[in-house]
Amino acid sequence: TLGDAKEGADTTDTQLDVLHPAGWTEETHSNNVDANYGVVFAPDTVKELTLVFEAADWQAILADMTEIYGEFGAGGDGPPKAPPGGGGGILDYRNSIWIPCTVQFNGLTWTHVGFRFKGASTLMQTWQKGSLKLPFKLDLDQFEDTWPEINDQRLYGFKRLSFSNNHLDKSYLRDKVGADLFREAGVPSNRNTFVRLSADFGQGPQNLGIYTLAEIPDNPMLKAVFGNAKGNLYKPEDGAASWESGLTVDDESFSKESNEDAADWSDVEAAIAALHADRSDAAAWRTALEARFNMDGFLKWLAVNTVIQDWDTYGKMAHNYYLYGNPDEAGRLNWIPWDHNESMQSGMGQKAPLALSLGAVTDAWPLIRFAMDDPVYSALYWQYVSDFVQGTFEASAVKARLQAAHDLIAPYLEDPEVVADVDAANISATTFNAALTALLTHVDSRQTAVAAALQSR
């Protein structure tokens with residue numbers, strides 16, 4: 001049996017081939033190889049990927065979504081009411097159920113892959129519009145207990161992948177280019193690529209258009225960036241994720257994405273305690289804090305994020321970042337940004353990004369406020385701002401990057417095979433081109449703003 005085989009110290013996948021689905025190879029399906037970024041995240045290409053569902057499974061997840069978000073296509077500008085007994089009319093942001101699907105990619109097939117919808121407001125709004133172009137995640141071995149033949153299944157070394165629908169981003173570029181800018185500026189960041197997605201819900205394949213495929217901070221990325229993947233990985237969300245003193249640190253605010261069985265948040269608690277320690281001896285405070293948290297990495301992130309502008313993250317919202325406790329540094333926490341679909345714009349309505357001076361940031365966001373009140377950290381922040389606009393964010397270079405990405409996916413957005421009602425507001429040459437123009441203008445405006453801010457210091 002599989003269980004018996006796994007107990008043998010010398011057991012290899014070759015000995016288990018009889019249990020694997022047809023087409024399974026070590027290089028493409030197993031967990032015994034390094035992640036193949038060259039295949040899954042090759043630059044300057046649009047991947048083709050198809051999902052196939054059993055009709056009953058698809059109906060089950062739609063029924064679950066209806067309980068969470070109300071009737072599909074019901075419309076409305078605000079959040080739907082929770083289902084009866086769901087909590088006083090408050091939107092239920094729980095994750096959808098997992099269902100199995102078949103993935104077809106690069107001429108190969110992966111079976112019994114876990115699929116669920118992802119997101120909160122983006123998912124809700126897309127659902128309310130009645131669009132099938134919903135954001136989702138895949139977990140390649142989510143169902144290995146049910147189907148042991150897919151034990152430790154991977155897609156070219158990747159276990160988990162995230163697919164964004166670019167809702168409200170008519171340029172389709174922010175998630176992809178935003179992550180690239182962070183990474184190239186020296187901030188740990190995931191890789192992204194464009195995917196033309198088709199899905200068969202039981203009645204034949206439908207073309208759902210362009211998605212952004214994102215690498216989830218997980219073993220491949222952690223190994224590539226930190227040289228290991230054995231530490232604690234957290235995805236903070238609300239509450240203590242603001243790093244305010246006195247708030248409860250637990251799995252609600254710092255969800256563990258690794259080492260889940262150890263209900264221990266001592267590394268996070270120690271970092272927050274160090275942040276809020278007495279600052280009268282600034283040098284001693286910095287030394288103690290930096291032993292628990294990579295402030296230099298955080299300041300690089302803060303500089304890049306404030307230059308390009310993004311309101312939907314720390315400083316405005318207590319989410320859209322990961323933390324990794326690197327065991328090679330005694331568990332010191334490192335900042336990893338996530339979800340850039342609201343980046344590179346001046347805000348949405350009253351949701352304005354932070355000003356370059358960060359002067360209006362209060363103690364509600366102590367990582368920023370305490371850093372900017374410290375002359376050493378403040379000077380580093382401004383140095384990283386200057387480095388970024390002269391390097392990775394140099395105007396002609398970043399505008400060329402945006403234009404190239406736009407030109408790459410333009411033919412796919414007006415593909416006549418795309419299901420007409422998937423996301424009609426985005427599938428328009430006029431809005432797509434106008435969105436690019438807005439991004440190019442934004443780059444120029446940020447260059448001007450940074451130059452003025454640096455000059456006035």
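**Cavities, a sheet and one threonine**

Me: The largest cavity is lined by K118, S164, D175, A179, N190, N192, T212, A214, W338, D339 and H340; what makes a space a cavity, and what makes a residue part of its lining?

Reply: The model is a predicted one, in which local features need pLDDT of at least 70 and side-chain atom pairs count only at pLDDT 80 or more, while totals for chains, interfaces and linings use all residues. Residues are numbered from 1 along each chain as its sequence is written, and side-chain values use heavy atoms, with hydrogens and water left out. On a 1 Å grid over the protein atoms alone, a cavity is a set of points where a 1.4 Å probe fits but cannot get out, and lining residues have an atom within 4 Å of a point. The search of the whole structure finds four cavities of 30 Å³ or more, and the largest holds about 70 Å³, a volume being the space filled by probe spheres set on points that are joined across faces, edges and corners.

Me: What makes up the lining of the second largest cavity by class?

Reply: Its lining has 13 nonpolar, no polar and no charged residues, where Ala, Val, Leu, Ile, Met, Phe, Trp, Tyr, Cys and Pro count as nonpolar, Asp, Glu, Lys and Arg as charged, and the others, Gly among them, as polar. W58, F115, L132, F201 and L208 lie nearest the centre of this cavity. The lining of the largest cavity, by contrast, has three nonpolar, five polar and three charged residues.

Me: Why are β9 and β11 said to stand at the edges of their sheet?

Reply: The four strands run in the order β9-β8-β10-β11, forming an open sheet with antiparallel pairing. β9 (254-256) and β11 (332-337) each have a single partner strand, so one side of each is left without a neighbour in the sheet. Strands here are DSSP runs of E of at least two residues, numbered from the N terminus.

Me: How do you know that β8 and β10 pair?

Reply: Two strands pair if DSSP finds at least two bridges between them, and β8 (233-236) and β10 (321-326) are joined over two bridges in the antiparallel sense, so the criterion is met. Within this pairing L233 stands opposite Y324 in β10.

Me: Why is T111 assigned to its burial class, and what does T111 touch?

Reply: T111, found in strand β3, has 18% relative accessibility and therefore counts as buried, since buried means under 20% relative accessible area, exposed over 50%, and partly exposed in between, with a 1.4 Å probe and protein chains only. T111 touches P21, C101, T102, I150 and Q153, residues up to four places away in sequence not being counted, and contact means heavy atoms within 4.5 Å.

Note on methods:
On a 1 Å grid over the protein atoms alone, a cavity is a set of points where a 1.4 Å probe fits but cannot get out, and a pocket is an open set with protein on both sides within 12 Å along at least five of seven lines; lining residues have an atom within 4 Å of a point.
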